[in-house]
Amino acid sequence: MRVDAVTLFPEMIDRPLSESIVGRARTEGFLELGFVNPRDFTEDRHRTVDDKPYGGGTGMVMMAEPVYRALKKVRKKNSFVILLTPKGRRFDQAAALELAEKKHLVFICGHYEGIDERVTPLADMELSIGDYVLTGGEPAAVVVIDAVARLIPGVLKKDDATVNETFTGGLLEAPHYTRPGVWRGKAVPPALLSGNHKLIAEWRSGTARELTAKERPDLAGPVPAEKKPGGRSKGFKK
Ligand code: SAM
């Protein structure tokens with residue numbers, strides 16, 4: 001997959017995505033990441049990319065033309081352009097799965113008070129990573145690119161690692177444990193030590209359902225009657 005970011009601060013994306021699994025995905029060629037800076041598409045001596053807002057108010061607004069030109073530089077026929085904004089669709093695992101299907105993603109990162117509104121129609125999607133306001137779109141791009149990159153086949157060494165995890169199938173994942181079997185007096189649940197795959201699978205799915213009902217009842221799918229522990233299934237959606 002190819003990803004480009006239209007950003008005034010490429011290092012804010014490049015650095016965090018140079019480490020660990022995504023960094024390796026880049027060096028192994030699963031993910032190609034490029035940057036284009038609107039400042040390189042200005043014509044004045046000061047390379048100005050922002051100006052005061054019409055109508056007054058605090059802060060500066062990124063001008064449309066440098067962003068437009070930068071986008072034009074990287075946009076191809078098969079590109080899917082995402083404008084990062086707190087006003088956009090809320091990013092979640094379903095959106096990550098949708099974006100992982102695309103051949104080429106282009107992220108437009110705003111800064112300051114945001115970008116001139118006339119740029120918005122150039123995007124295929126407006127995307128927010130949550131109901132809070134960041135200083136710029138760059139940290140949002142890092143979050144989205146990370147979540148999408150790990151869904152690219154081959155990036156995780158075991159492709160099934162993304163099948164049973166949190167949010168896939170509408171449930172939080174059951175907890176994990178590793179050695180030692182007893183740590184500071186706390187034992188690993190016996191089912192996980194049983195070596196019985198059926199029992200382990202049942203423990204994981206039951207625990208995932210209970211955990212989801214407790215922590216995120218808005219997520220959970222229906223629970224079969226025999227699995228409902230007294231009173232705890234209250235929050236499940238029908
Ligand atoms: N004035 C804008 C408003 O109130 O909606 C906020 C602008 S914010 C300070 C600057 C830039 O950060 C935005 O243009 C956007 O690219 C990015 N940004 C801020 N919060 C975000 C979020 N929750 N999700 C995605 N991008 C965000």
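Exposed, for a residue here, means over 50% relative accessible area, buried means under 20%, and partly exposed lies in between. The model is predicted. Those cut-offs sort many of the residues below.

Start at helix α7, which spans residues 197-215. Lys198 has a relative accessible area of 61%, so it is exposed. Its salt-bridge partner is Glu202, with the closest N and O atoms 3.3 Å apart. Glu202 has a relative accessible area of 38% and is therefore partly exposed. Why does about one helical turn separate Glu202 and Lys198? They are four residues apart in α7, and that spacing explains the separation. Elsewhere, Arg2, Asp4 and Glu32 are joined into one network by salt bridges that share partners.

Two further pairs follow. Glu28 meets Arg24 through their side chains, in a salt bridge of 4.0 Å from N to O. Glu28 is partly exposed because its relative accessible area is 42%. Arg24 is at 32%, so it also counts as partly exposed. Arg47 pairs with Asp40, and here the closest N and O atoms are 2.5 Å apart. Arg47 has a relative accessible area of 36%, which makes it partly exposed. Asp40 is at 52% and so counts as exposed. How many salt bridges does the model hold by this rule? The count comes to 17.

Now turn to the ligand. Its shell has 20 residues. The closest of them are Leu84, Gly110, Glu113, Tyr132 and Leu134. By class, the shell divides into nine nonpolar, nine polar and two charged residues. Which strand gives the largest share of the shell? That is β5, with four residues. Strand β5 covers residues 79-90, and β7 covers 125-128. Each of these two strands supplies at least two residues of the shell.

Polar contacts to the protein backbone come next. A ligand oxygen atom sits 2.6 Å from a polar backbone atom of Leu84. A ligand nitrogen atom is 3.0 Å from a polar backbone atom of Gly130. For Leu134, a polar backbone atom is again 3.0 Å from a nitrogen atom of the ligand. How much of the ligand does the protein bury? Taken alone, the ligand exposes 580 Å², and the protein buries 85% of that area.

The surface also carries a nonpolar patch. Phe9, Met12, Met60 and Tyr112 form it, and together they have about 310 Å² of accessible area. Phe9 sits in the loop between β1, residues 2-6, and α1, residues 11-14. Its relative accessibility is 30%, so Phe9 counts as partly exposed.

Tyr112 belongs to that patch, and its backbone deserves a look too. It lies in the loop between β6, residues 104-109, and β7. Its phi is positive, about 60°, although Tyr112 is not a glycine. At 36% relative accessibility, Tyr112 counts as partly exposed, because that value falls between the two cut-offs of 20% and 50%.

Which other residue has a positive phi although it is not a glycine? Ser20 does, with a phi of about 55°. Ser20 is found in helix α2, which runs over residues 20-27. Is Ser20 buried or exposed? Its relative accessible area is 60%, so Ser20 is exposed.

Another backbone feature is a cis peptide bond. It runs from Arg179 to Pro180, with omega near 5°. Pro180 lies in the loop between α5, residues 138-149, and β8, residues 182-183.

End with Thr42. This residue lies in the loop between β2, residues 32-36, and β3, residues 50-51. Its relative accessible area is 17%, and that is why Thr42 counts as buried. Which backbone oxygen does the side chain of Thr42 reach? It reaches that of Arg39, at 2.8 Å.

Conventions
Residues are numbered from 1 along each chain as its sequence is written. This is a predicted model: local features need pLDDT of at least 70, side-chain atom pairs count only at pLDDT 80 or more; totals for chains, interfaces and linings use all residues. Side-chain values use heavy atoms; hydrogens and water are left out. Patches are made of residues with over 30% relative accessible area and no salt bridge: like charges are joined within 9 Å, nonpolar side chains (Val, Leu, Ile, Met, Phe, Trp, Tyr) within 5 Å. Accessible areas come from the Shrake-Rupley method with a 1.4 Å probe; for residues, only the protein chains shown count as cover. Buried means under 20% relative accessible area, exposed over 50%, partly exposed in between (1.4 Å probe, protein chains only). A residue is near a molecule or strand if one of its heavy atoms lies within 4 Å of it. A polar contact is a pair of N or O atoms within 3.5 Å; within protein, one must be able to donate a hydrogen and the other to accept it, and residues adjacent in sequence count only if both atoms are side-chain atoms. Ala, Val, Leu, Ile, Met, Phe, Trp, Tyr, Cys and Pro count as nonpolar, Asp, Glu, Lys and Arg as charged, and the others, Gly among them, as polar.
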